[in-house]
Amino acid sequence: MQAPPRQDKLTRQQYESWKRLVPYLYDWFENHPLVWPSLSIQWGPVLTAAEEVQFGVASSQSRSKKARYMDDPSGAKGTSFSFSAENKVATSDVRSLYLTEQTDGSAVNTLCLACVDLPQQWASGPINLAMMGASQLQQSKNPNVRVLKTIVHPGEVNKVTTVPNFRHVVATHTDSPEVYVWNFNTQANREPGKEKRKGAGVETSTPDAVLVGHRENAEFAMGACDVKALLASGGKDTQVLVWDIDGALGKGKLGPSVILEGHTNTVEDVCFKPENQHELVSVADDFSMLFWDTRTSTKAVDRVANAHGSKDLHSVDWSLVTPYLLVTGAQDGGVYVWDKRNLGMGPTHKFMHHHKAVTKVEWSPHVHSVFASGSDDGIVAVWDLNRHAAENRSALNMAVPEELIIQHAGHTSSVVDFCWNPDDPWTLMSASVNSPGTGPMPISGGGALQFWRVSEMVYKSEDDLMKDLQEYKEYIVSGDVNQLPGGPPLKA
């Protein structure tokens, strides 16, 4: 038998080391094995009570929104309680999400609305995390993740993007020039158990709108405006197209309202400036980052040529909290931070920590100095630009960038997508596609969907942690729960 590539061995070692650190790195962690890989994922809104009924979320599975923290992780015995900063029983929200299934042709390709129970902070203790992490990584299915509605998609889904102005409406890219728009509120549920699973001969779902205008395939680059119903897309035709989809659902095909030209190779990513319907940024395989303002021109109003040298740019994101900051990721594993006010000065930060191509970068929607990067090396890295000024690293740690907060190494193969939770700070969701023999379980193919919240022990400064611990000093010294602020924790 041929020996596995050296990188596979290194990735596996990295993964095994990470497993031992799960109780210390995370406040919450879930792993959900995927039969078919998901190339793109997105958070949806917290489900209302009416939506839980509409989409059939079983009350028994949502656990009546009770905390899952127990002294005995098996739930067989022991006291069942949890406490938060307010010393109340922790609860969980049912959070929706969108994922996809990329098949090998023996089954249909699908787009799914799913949900996961999102516990409040401090709902899981370290023993729980250690037990849960070890057991879930060996499970074939995670009962805390449920598929609520399935759409049979015309072709594999390369990218899914939520439309902020419409609840449960998403847009998708596939291997075609068209962009499809789907309304999960009205689409029929094509339940897998009631459908022929063979790919041939199965009728696909009908999109609520088809966005046309690309002359060649548009497979990955897509972004949505957060203040108006605008979608932007880039493709192999080197163009960036913008559509206004307000009122377009249910009306068939829609052409672009704006066509932007300036790139000379495939556009890999595009995004709107937050809280702005006119300004966009795009990156491409022509090594450039272009800025657009649809009020003034269909040509680029600013550009950075050779942004990462002669390397393809794969991803770009514009900070929601600090609108003059951008971050880019490239083919060579580089992650660069840019100040829009001083593009001519080059990037403000350069990080060459990933050893394979960067697949995605995204700013935290909550902390102005924090962003994350995902890579084909199986890592999701979380960065804080303020860390270098606040922390002193020992000489032994100088090889690790000071701004690196945490490496999420729960994936054993390429990270194809990740996203920050828009409402729950320090909570992320990430997805990977397993290569043969690289999954957490001894199987080939498939993928992994993981949910994780970074522990405050990781991202808070030592001074802040000491202040927090001071409040619990008497309890730590005595072990008496009556010494907890506000008294002993409530029983669930």
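In this predicted model, Asp-285 sits in the loop that links strand S16 (279–284) with strand S17 (289–293). Asp-285 is buried, yet it has no salt bridge. The nearest side chain of opposite charge belongs to Lys-236, and that is 8.7 Å away, whereas a salt bridge would need the two groups within 4 Å. Leaving aside residues up to four places away in sequence, Asp-285 touches Asn-265, Thr-266, Glu-268, Asp-312 and Leu-313.

The strands on either side of this loop belong together. S16 and S17 form a hairpin with 4 residues between them, and in the turn Phe-287 has a positive phi of about 75 degrees. The two strands run antiparallel and are joined by 5 bridges. One residue pair to look for is Glu-279 with its bridge partner in S17, Asp-293. S17 itself is mostly covered, with 5 of its 5 residues buried. Met-289, Phe-291 and Asp-293 point one way from S17, while Leu-290 and Trp-292 point the other way. Both groups are buried.

Moving along the chain, S17 is also joined to strand S18 (302–304), this time by 3 bridges, and again the strands run antiparallel. Here Phe-291 has Asp-302 in S18 as its bridge partner. Thr-294 is found in the loop between S17 and S18. Is Thr-294 buried, or is it partly exposed? Its relative accessibility is 27%, so it counts as partly exposed. Thr-294 touches Val-258, Leu-260, Gln-277, His-278 and Leu-280, not counting residues up to four places away in sequence. Ile-259 is 35 residues from Thr-294 along the chain, and the C-alpha atoms of the two are separated by 9.2 Å.

Further on comes another run of paired strands. Strand S19 (residues 313–318) and S20 run antiparallel, joined by 5 bridges, and a hairpin connects them through 6 residues. In this pairing, the bridge partner of Asp-317 in S20 is Val-327. On its way to strand S21 (residues 335–339), S20 makes another antiparallel match, also through 5 bridges. Thr-328 is matched there with Tyr-336 in S21. The hairpin of S20 and S21 has 4 residues between the strands, and Gly-333 takes a positive phi near 90 degrees in it.

How many residues of strand S20 (residues 325–330) are buried? The count is 6 of 6, and the strand is mostly covered. Leu-325, Val-327 and Gly-329 point one way from S20, and Leu-326, Thr-328 and Ala-330 point the other way. Every one of these residues is buried.

Now for the aromatic rings, which form 17 aromatic pairs. In one of them, Tyr-180 and Trp-182 lie 6.1 Å apart, centre to centre, with 55 degrees between the planes, and the pair is tilted. Tyr-180 and Trp-182 are both buried. Tyr-336, already met as the partner of Thr-328, pairs with Trp-338: the ring centres are 6.2 Å apart and the planes stand at 50 degrees, so this pair is tilted. Tyr-336 has a relative accessible area of 9% and is therefore buried. Trp-338 is buried too, with a relative accessible area of 2%. Elsewhere, Tyr-15, Trp-18, Tyr-26, Phe-29 and Trp-452 form one aromatic cluster.

One of the sheets brings together strands from far along the numbering. It is an open sheet of 4 strands in the order S1-S29-S28-S27, with antiparallel pairing. Strand S1 (26–34) and strand S27 (415–420) stand at the edges, and each has a single partner strand, so one side of each is left without a neighbour in the sheet. From one strand to the next, the twist averages 15 degrees. S27 and strand S28 (residues 427–433) run antiparallel and are joined by 5 bridges, with Trp-420 matched to Leu-428 in S28.

Stepping back, the protein has 7 helices and 29 strands. Buried residues make up 53% of its 492 residues. What share of the contacts between residues at least 6 apart in sequence join residues at least 24 apart? In this protein it is 61%.

Definitions and conventions:
Residues numbered from 1 in each chain as written. Predicted model: local features only at pLDDT ≥ 70, side-chain atom pairs only at ≥ 80, totals over all residues. Heavy atoms only, no water. Buried < 20%, exposed > 50% of the residue type's maximum accessible area, 1.4 Å probe, protein only. Lys, Arg positive; Asp, Glu negative; His and termini not counted. Contact = heavy atoms within 4.5 Å. Pairing = 2+ DSSP bridges. Axes fitted to C-alpha atoms, helices over the stretch in contact; angles between N-to-C directions. Phe/Tyr/Trp six-rings, centres within 6.5 Å; stacked < 30°, edge-to-face > 60°.
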